[in-house]
Amino acid sequence: MESRARQVAYIFNANYDSPDLEFDEEGDFAIPPDGAFITRHGKQWKVVRHTIEETVAGPPMLPIIRINLTDQF
């Protein structure tokens, strides 16, 4: 059976050096749509965009969901 696990990387205000990482073991994380507002660490953020990338590292190879967030709205 193929794993649905994936990595989720929250990127705050285009700071790619220190993303907030989460492991989605079941693959059931709902990806917020671009323009949506979410709360992370007690603060309101707007989703600028998201991308889904396949990794080349592994095994196993896990997709990475990158969610770019801003507090400038």
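**From an exposed loop to the nonpolar core**

Asn13 is partly exposed, with a relative accessible area of 37%, and in this predicted model Asn13 also has a positive phi of about 50° although it is not a glycine. Its place is in the loop between β1 and β2, the latter spanning residues 20-24.

A second residue with a positive phi is His41, whose value is about 55° and which is likewise not a glycine. His41 lies in the loop between β3 and β4, in a hairpin that has 2 residues between the strands. With a relative accessible area of 66%, His41 is exposed, because exposed here means over 50%.

The two strands of that hairpin, β3 and β4, run antiparallel and are joined by 4 bridges, and the bridge partner of Phe37 in β4 is Lys46. Along β3, residues 37-40, the side chains alternate, so that Ile38 and Arg40 point to one face and are buried, while Phe37 and Thr39 point to the other face and are not buried.

Ile38 leads on to the largest nonpolar core, which has 10 residues in all, namely Val8, Tyr10, Phe12, Ala36, Ile38, Trp45, Val47, Ile65, Ile67 and Leu69. At least two residues of this core come from each of β1 (6-12), β4 (43-53) and β5 (64-70). Ile67, one of the core residues, touches Val8, Ala9, Tyr10, Ile11, Phe29, Pro32, Val47, Arg49 and His50, when residues up to four places away in sequence are not counted.

Conventions:
Residues numbered from 1 in each chain as written. Predicted model: local features only at pLDDT ≥ 70, side-chain atom pairs only at ≥ 80, totals over all residues. Heavy atoms only, no water. Core = buried A, V, L, I, M, F, W, Y, C linked by side-chain atoms within 4.5 Å. Buried < 20%, exposed > 50% of the residue type's maximum accessible area, 1.4 Å probe, protein only. Contact = heavy atoms within 4.5 Å. Pairing = 2+ DSSP bridges.
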